[in-house]
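You asked for a colleague's note to read beside the coordinates. It is set out as numbered points.

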Amino acid sequence: MEDENILEFKHVTKQFPGVVALDDVTFDIRRGEIHGICGENGAGKSTLMKVLSGVYPHGTYEGSVTYDGEELKLGQSSIQEAMKKGIAIVYQELTLVPTRTVGENVYLGKEPVEHGRIIWDKVYADTRAILTQYQLDVGPQAVVNDLGVGKMQMVEFAKALSENAKVLILDEPTSALSKAEVEKLMEILRTLKQHGITCIYISHRLEEFFLITDRVTVLRDGKVVTTQPTKDVTQNDLVKYMVGREMKERFPKGNRKPTDVVFDVENLEAVDPNAPDRKILDGVTFNVRRGEILGIAGLMGSGRTELVTTLFGEYGMISKGKILMNGREFKPKSAREAINAGLCLVPEDRKKTGLVLIQTILRNISLPNLDQFSQFFRINSNAEMQASLQQAKSLTIKAPSLEVLAETLSGGNQQKVVISKWLLSKPQVLIMDDPTRGIDVGAKFEIYRLMNDLAEKGVAIVMISSELEEVLGMSDRVMVMCRGHSTTTLSAAEADKERIMALATGVAVA
Amino acid sequence: MNISTTTFDTKTESLATRFFQSVRRNIQSYILLLAVAVIWAIFFFTTHGAYLGPQNLSNLFRQMAVTSFLAIGMVLVIVTGSIDLSVGKLAGFVSVVVAYLQFYVWFKLFPDQVILPAILSVICGLLVGLVAGVIQGYIIAYGGLPAFIVTLGGMWLFNGLLLLVTQGKTIAANQPVFSDIAQGYIPDTWGWVIFALIVLGLLWNVFSGRRSKQKYGFTPRPLYLDLLNVGVVAVLVFAYVYSVNNYKGIPVPVLLLAIVAVFMAYAANNTRFGRYTYAIGGNRDAARYSGVNIKGIVFRVFVLMGALCGVAGVVLASYVGYGTIAAGTGYELDAIAAAILGGTSPLGGVGTIHGALIGALIIASLTTGLQMMNVQPAWQFVVKAIILVAAVYVDVYFKQHR
């Protein structure tokens with residue numbers, strides 16, 4: 001007879017030098033349920049999943065994990081071992097080989113072989129079987145590069161399911177998905193559940209727990225706060241458990257007083273520098289004032305990121321229109337020029353373009369600002385340390401010292417490092433591309449507060465966001481993009497969800 | 001016992017923790033130095049002490065000089081995520097150009113001079129290296145061609161030019177002053193003066209560093225730790241100077257190497273150029289988005305590499321006393337091996353100048369030791385191969401199990 005619980009964590013404690021990442025974690029996961037896990041960044045979610053998937057092998061932590069009635073004892077190089085036992089992770093960052101087909105990816109490393117030759121027909125037939133069984137809407141021969149993020153995720157699922165996974169761990173599966181893709185994902189999860197597969201669902205988007213999970217466990221500071229059936233709790237309860245206090249409002253009230261226009265974009269058109277016949281911006285007009293937060297809304301692929309990287313001098317080739325900074329024409333040809341002109345960009349993907357992960361916090365913060373600390377050739381390392389430390393402290397970056405590598409920080413703290421480096425550059429216009437993506441509730445709130453502070457000090461902030469509530473909660477005005485062009489700029493009073501969606505989808509014309 | 005405290009206050013950490021942290025941070029260097037010690041100990045016993053005698057110790061460092069100049073530059077090239085295959089043949093080409101000028105040109109132009117031809121030789125050698133670096137760097141950085149291919153082309157080109165210059169013959173390069181560059185020795189007294197200057201320099205560095213720290217409101221670490229550091233270095237330098245003074249004195253090329261290495265290590269850590277180099281290797285896109293001029297920095301790294309090839313070529317010509325058709329053959333791989341052995345990551349972003357020097361020292365130690373033991377050249381290669389791969393394995397092992 002099978003146990004009711006497929007997984008039991010008993011008194012799991014994991015210590016790092018100076019930090020207890022998991023503190024006596026005890027809870028269980030039932031066979032076939034979808035179990036949500038939430039908590040702030042650094043609460044221990046990722047560490048717990050690393051224990052489960054074998055990144056931290058047996059013996060590097062205290063306590064025990066029971067899987068399918070037996071204690072889980074994973075050795076070195078145990079990620080494959082965990083997979084063989086049926087525990088698979090679908091990572092936040094997708095791990096597919098982009099230039100190969102779906103089938104090749106699903107069977108990568110376990111290709112069916114006959115006399116040393118791969119039986120491709122079987123690869124594709126088996127892939128098709130898995131895709132159909134779980135109603136994953138992807139063709140086995142499609143090249144991964146051509147798929148959207150949502151479909152790539154389906155391939156990740158297929159990959160895990162081809163290993164006969166019994167437990168699937170989903171780490172922030174929706175952070176890069178559009179609304180429609182999220183709905184599709186929920187459908188897939190329900191199908192998986194019907195097939196008796198257990199899912200552990202980690203997310204910062206609390207509303208998703210109520211769509212899909214049976215029970216939810218809240219972690220805080222490495223401890224389990226509670227495990228409850230989802231139907232017995234509310235979103236506010238979860239937030240309360242996560243932060244240990246009641247969060248009255250999600251968006252802090254600012255006291256912003258926008259003054260004169262500092263940055264002005266008029267009818268901007270730009271093309272892809274690698275394919276000059278492809279237009280990426282097709283008439284964008286907006287302005288932003290000192291002390292103002294301008295929200296930019298729009299669907300995935302509406303050209304938001306292309307717009308801001310072009311303004312930063314690092315992407316599109318401007319073919320028409322003009323940009324005015326302080327009333328003077330500004331033609332950015334590189335990030336350096338943009339920074340010198342007072343325009344900084346907190347990029348969409350902090351790991352790819354925001355941080356040098358293998359370097360220390362200090363080196364990351366000072367990187368664009370070394371001119372400030374240099375006399376002739378020499379960098380004054382004390383001045384560098386002093387300024388960076390002050391910035392890190394004022395943003396409350398949580399780390400034992402600035403000599404810690406950026407890759408060891410949680411998402412929220414990494415984002416604070418990116419913001420710190422730009423604040424040292426004293427920007428007049430700070431563009432933030434999805435600044436709270438993949439960041440927990442507490443850190444989000446801090447970033448909002450920081451944006452308010454900056455705006456109150458006279459910085460013009462341009463914020464792109466995929467979350468409508470964030471756009472509405474933080475912006476003084478909202479510019480809506482649709483298929484590469486700006487539709488209109490709404491005042492805070494005019495803006496509401498329906499109106500923005502209508503403009504973004506092209507249903508309504510401004 | 002709290003994961004969410006903000007502690008930027010290093011004062012609260014005990015001395016012992018800080019000591020261990022510093023050991024852990026530099027574990028790689030210590031392991032490498034340990035490897036040198038083990039190798040020396042083995043050869044000390046197998047050669048009945050002769051290996052660490054004054055003459056051999058003097059030669060050991062002299063021998064590693066040429067590849068070390070190349071290895072120092074190679075560190076920065078590899079740190080940017082690149083490679084330079086042309087350095088051996090470029091240094092070789094420089095050495096035959098220098099020999100040619102001495103033998104055929106200066107001799108006729110300034111028949112009675114000794115100092116002027118030596119100076120001109122050095123300048124011309126450095127210029128040839130620099131120009132080669134400019135050309136290759138320009139093609140790689142601004143032309144966007146892969147460094148592997150461009151410098152492989154460079155290697156062939158310089159080999160061809162080398163053969164054209166020598167016409168297949170060996171050209172002498174043994175004017176007295178020029179020979180001193182790699183064959184000269186610093187007189188004993190001056191050796192001790194240099195020792196004293198080094199100690200004074202280190203002390204000045206400690207005290208000015210502490211003053212500057214205080215000025216910016218940081219608490220310097222306890223004085224005795226700083227002094228202990230200086231003391232350890234002073235003892236090592238003392239031992240070296242004492243030992244080589246028992247032979248002929250500090251070899252000039254070793255002094256040159258030390259000066260260039262200190263200069264380059266300083267540039268790597270304390271200048272914008274150095275910081276940008278590491279940032280590019282760590283994450284090219286993030287560096288670009290932070291306003292780093294990627295092309296400009298990559299270009300400069302190759303120009304610097306070219307200049308160092310010039311230095312290496314001049315020292316090489318002086319060291320062997322002539323320019324030959326085989327000059328510099330295989331040096332590029334020695335330089336790459338020294339850099340990687342010294343902890344430079346082939347993936348870019350990580351690597352130190354002093355690491356490369358220790359790497360070069362390990363290779364030179366093995367070569368001289370095996371030669372002294374009269375091991376057949378064939379077996380020398382086998383032993384060096386095993387040690388190279390094993391050393392990098394140990395390094396990788398420690399990185400994974402830290």
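The points below take up confidence, the contact between the chains, two helix pairs and two sheets.

1. This is a predicted model, and its scores are ipTM 0.87 and pTM 0.80. For chain B the mean pLDDT is 89, with 94% of the residues at 70 or more.

2. Residues 1–7 of chain B need separate treatment: their pLDDT stays under 50, although the model gives them 15 contacts beyond four places in sequence. Where pLDDT is low, predicted coordinates should not be read in detail.

3. Between the chains, 39 residues of chain A are in contact with 31 residues of chain B. On the chain B side, α8 (188–215), α11 (272–282) and α12 (284–289) each contribute at least two residues. By class, the side of chain B that touches chain A holds 15 polar, 11 nonpolar and five charged residues.

4. Within chain B, helix α3 (residues 54–79) and helix α10 (residues 252–270) have axes that come within 9 Å and cross at roughly 15°. The angle is under 35 degrees, which means that α3(B) is roughly parallel to α10(B). Their crossing is left-handed. From α3(B) the contact uses Phe61(B), Arg62(B), Ala65(B), Ser68(B), Phe69(B), Ile72(B) and Leu76(B). The residues from α10(B) include Pro253(B), Val254(B), Leu257(B) and Met264(B). The class count for this contact is 12 nonpolar residues, one polar and one charged.

5. A second helix pair in chain B consists of α2 (residues 27–46) and α15 (residues 353–372), packed at about 15° with axes 10 Å apart. That angle makes α2(B) roughly parallel to α15(B), and the crossing is left-handed. Among the contact residues of α2(B) are Leu32(B), Val36(B), Ile39(B), Trp40(B) and Phe43(B). Those of α15(B) include His354(B), Gly355(B), Ile358(B), Leu361(B) and Met372(B). Here the count is 12 nonpolar and six polar residues, with no charged ones.

6. In chain A, four strands make an open sheet with antiparallel pairing, in the order β14-β13-β16-β17. The edge strands β14 (275–289) and β17 (328–329) of chain A each have a single partner strand, so one side of each lacks a neighbour in the sheet. Strand β16 (residues 317–325) of chain A is joined to β17(A) by two bridges, and the two strands run antiparallel. In this pairing Leu324(A) stands opposite Glu329(A). Helix α9 (residues 304–311) of chain A packs on the sheet and touches β13 (261–272), β14 and β16 of chain A. The direction of this helix makes about 80° with that of β14(A).

7. Chain A also has an open sheet of six strands with mixed pairing, ordered β18-β21-β22-β15-β23-β24. Its edges are β18 (343–346) and β24 (485–491) of chain A; each has a single partner strand, so one side of each is without a neighbour in the sheet. On average, neighbouring strands are turned by 20° against each other, direction ignored.

8. Inside that six-stranded sheet, β15 (residues 293–297) and β23 (residues 477–482) of chain A pair in the parallel sense over four bridges. Gly295(A) stands opposite Val478(A) of β23(A). Helix α18 (residues 497–504) of chain A lies across β15, β23 and β24 of chain A, and runs at about 30° to β23(A).

Note on methods: Residues numbered from 1 in each chain as written. Chains lettered and ligands numbered in written order. Predicted model: local features only at pLDDT ≥ 70, side-chain atom pairs only at ≥ 80, totals over all residues. Contact = placed C-beta atoms within 7 Å. Nonpolar A, V, L, I, M, F, W, Y, C, P; charged D, E, K, R; others polar. pLDDT = per-residue confidence, 0-100. Axes fitted to C-alpha atoms, helices over the stretch in contact; angles between N-to-C directions. Parallel < 35°, antiparallel > 145°, perpendicular 65-115°, else oblique. Left-handed = near helix turned anticlockwise from the far one by under 90°. Pairing = 2+ DSSP bridges.
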